[in-house]
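User: I'm new to reading structures and would like a close look at one helix, then a walk outward from there. Could you keep it friendly and spell out the terms?
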Amino acid sequence: METFRSLVTLLARRAESDPGGRAYVFLSDRGEEEAALTFRELHDAAHALAARLGEMARPGDRAILVFPPGLEFLIAFFGCLIARVIAVPMMMPRRNSARDSSAAILANCEPALALTSSAFALRGDLHARFQRAQLQWLSVDLAPAGPVASAFAEPEPHDIAFLQYTSGSTSDPKGVAVSHANLLENLEMIRVALGNTKRSTYVNWVPLYHDMGLILNALEALYVGATCVLMAPNAFMQRPLNWLRAISHYKAEVGCSPNFGYDLCVSRYRPEQMQGVDLSSWKIALNGAEPVRAESMQKFAATFAGHGFEPRAGFPAYGMAEATLLIAGGNRGAGHVTHTVSRSALGDHRVAAPADTADAQVLVGCGRALINETIAIVEPETAKRLPADQVGEIWVSGPNVARAYWRNDEATRAALQGKIAGEAEQATWLRTGDLGFLDEASELFITGRIKDLIIVRGINHYPQDIERTVQSLDPALRQNCGAAFAAADEQGEETLVVVQEVERTARNRIDLAETIALIREGVTDQHELSARHIVLIRPGSLPKTTSGKIQRSLARKLWLERRLDELTPGAD
Amino acid sequence: MTREQISEFCVASLANVLRMPKERIETGTKFNRLGLDSAMVVYVMMELEEKLGLELSTDDFYDYPTVDALSNHLCEKRAARPAA
C-alpha cells in the first residue's frame, strides 16, 4: 500500500488516480440516492472551501462542524484539513434539550469558525446555542466547484487534523487531538485487519460526528479508494432493514454497527419485506463501540443466514477515540472466538471455569492487537503488567495513540502517558479505563470497566451529568449524594440505574412514587436515556471515600446485592 | 380495531420495551415520565405501524404524549384513511 504524509495528499492521490470514481453516496430516508460526490468533485469542493477558510482563519484555528446527515460534512472536513484549520465535529444538538456538552466544548476549543449546511444555517436555535464572541458562521453546500489552485502548505504528519470530543462529561469534555500521522497509521492498521481494497464498498449509518462513522467508514473507504454509501442515523433507527437492503443493492463488503444495531435488525426482521435481499457480498459485519454480545451475533447470523449472510463475516472489535479508533480486531473471514467463564468470578475480576450452567457467561473475543501496536493488561493501582488470563486494565501503545487531549494536561497525563512499573523502555501507554484479559493466544476479552461511564446504544454517558440532572429536579434530592451507573439486565443489555439520597427533612413531604417518576422524566428529557431502576435511599447511606468522592462501583455492588438503605413507602 | 384494543396494544408494547409489568403503565401518564426515550419511541412506533397498517411519525408521540391521547389519535387516523 502506498504511504501518505497527510490526508490532504491522500485525497489528492484519489482525485488523480480515480477522478470519476464515486467517493460518497448519500441515501434518502426512502433508500434512494439523494447526492453523490466523485473523488475529483470532493477534492475540488474541499479546495474551494479551503480558499474561503483561508480568508477567515489561520492555520491552527479551530472550526466546529455542525451538520445534519449528508455529504456537506465531508467537504467541510477536508476543507479544514487543506486549510490546516483544526476540525471539531459536533453532535447536532436536539431542539428541546436544555443541557448538552456544546457550551463546554466551545469553551475548551475556542473555535474561530462554525461550519454548517446552508439548510441548517437557517435554524435559529443553532446560533443561540453556539453563541460566542467572534464566532464566524460559514455555510457549505454541494454546488459544483471548479479546480482551485491550492495556496496552502501541506500539513505535517504530526499536525493535529481534528479534535474528537467523545470523552469526558458535559462539564469537563475531553477533545482527543488526532494527528494526520495517528489517522494514517490507524487507517493502515484497519486496512490490514479488514483486508479491504478499492472494491470494498461500505454502507454506513453511524453518524459522522461519531468516530466509528467518520474514521472506520468514511475515511477508511477513502483510504482504500472504495465507495462509502451513507444513510441518516434516524433512517436506520426507523427502518433498520434499509441498511441491509442497501448492502445487498450495492454489493457492499463492509457494514459496521454497535451491537444494538444488529439486535434492531433482528427484531424488525419480516421475511416478506426482505425478498430478494442477498447479503452474500458482506465480508465484514463489524460490531464495536459498545459491549459485544455473543447472543446478538448468533441471532443475527441465524436470522439472516437465509439471505446469504456468512456467519464468519461477524467481526467483533474494540476501540476508542484516544487510539484514533480501532485497538483490536480479528482478520477478514476468520470468524470470532468465545470463552465461557464464571459469571460470579468475573464479578470479582477473575477468570475461572463456570461452577454450573447458571454461572456460565459467554464472552466474545474482540480480536488481537493490530499491526505495530501492543496491548498490555495492567494492575491499575500498581501499574504492574499481568500475565495471560488475568483481568486488569487494558493499556495500549502504538502510533495510533494520540499524544494529548486538547488543552487538558491533567487528563493527558492521567490517560495518555501511562508507564508500566519495572519496564524501563520509552513506551507510554494509553490507559483505557476498561477491564479485560488476554488469553494464551493474545485474544482480547473485555470484562468491565473501572472508569465511570455508561454506554447505551454506542453513546457514552457520564454519571456526573445524570446525577446533576437528578439533583436539580427537587430540593429534597441531596446535592452530590447520588450515583448513576450501568448494570446488565437478564438479557445482558446495559441499563441505567440511579441511586439518590433524600434529605431527612423532606422525607415526609415527598411522595416516593411521584419523585421516582419525576426523576425518570428528567433523565429521559435531558439525556435521551431510560432509567430502568431508580432507588431513593436514606441520607448518609451512599458510599463515599473519606474525601467525599462518590464510590459508584461500590454503590453498584450494594445495589446488586440489595444492601442499599432503601426508602420504602409506608416506612418512616 | 377499537380504541380500547389500540390502547391495550400500546400498553403491551410499552411494557415490553420498558421491561415493566403492564399494570404499572397508566394510560394517562406521559411517555417521558414512563422513561420512554427516543429509540424506544421508534420501537413502539414500528410495532404500531405494523399492527394498524398506518404510517406514523415519531412526532405523533410528542403531539399525543400519553397512551390515551395516542390511541384516540390513531383511532381517528384509521377511520379517516381511504378504504384499501
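Which residues of helix α1 (residues 7–17) of chain A are buried?

Analyst: Some ground rules come before the helix. This is a predicted model, where local features need pLDDT of at least 70 and side-chain atom pairs count only at pLDDT 80 or more, while totals for chains, interfaces and linings use all residues. Residues are numbered from 1 along each chain as its sequence is written, and chains are lettered from A and ligands numbered from 1 in the order in which they are written.

Now to your helix. The buried residues of α1(A) are Leu7(A), Val8(A), Leu10(A), Leu11(A), Arg14(A) and Ala15(A). "Buried" here means that 20 or more other C-beta atoms lie within 10 Å of a residue's own; with 12 or fewer it is exposed, anything in between is partly exposed, and the C-beta atoms are placed from the backbone. "Helix" means a DSSP run of H or I at least four residues long, a strand is a run of E of at least two, and both are numbered from the N terminus. Look down the axis of α1(A) and those buried residues fall within an arc of 160°, so they line one face of the helix. That arc is taken from the directions from the helix axis to the C-beta atoms. On the other side of α1(A), Glu16(A) and Ser17(A) are exposed.

One of the buried residues, Ala15(A), leads us to a neighbour. Leaving out residues up to four places away in sequence, Arg40(A) touches Ala15(A), Pro19(A) and Gly20(A). Touching, or being in contact, means that the C-beta atoms of two residues, placed from the backbone, lie within 7 Å. Arg40(A) sits in helix α2 (residues 39–56) of chain A. It has 17 other C-beta atoms within 10 Å, so Arg40(A) counts as partly exposed. The C-alpha atom of Arg40(A) is also 9.9 Å from that of Gly146(A), although the two are 106 residues apart along the chain.

For another view of burial, try helix α10 (residues 259–267) of chain A. Here 7 of the 9 residues are buried, so α10(A) is largely enclosed by the rest of the structure. They are Asn259(A), Phe260(A), Gly261(A), Tyr262(A), Asp263(A), Leu264(A) and Cys265(A). The cover over them includes α9 (240–249), β11 (254–257), β12 (284–287) and α11 (294–304) of chain A.

Zooming out, the domain assignment splits chain A into domain 1 (7–238), domain 2 (346–364 + 373–449) and domain 3 (454–560); such bounds come from an automatic or database assignment. The C-alpha centres of domain 1 and domain 2 of chain A lie 31 Å apart. Their contact takes 13 residues from domain 1 of chain A and 11 residues from domain 2 of chain A. On the domain 1 side, α4 (102–109), β8 (173–179) and α6 (180–194) of chain A are the elements that give two or more residues.

Last stop: the other chain. The contact between the chains takes 15 residues from chain A and 12 residues from chain B. On the chain A side, α8 (233–238), α15 (512–527) and β28 (531–537) each supply at least two residues, and α15(A) gives the most, with 5 residues.
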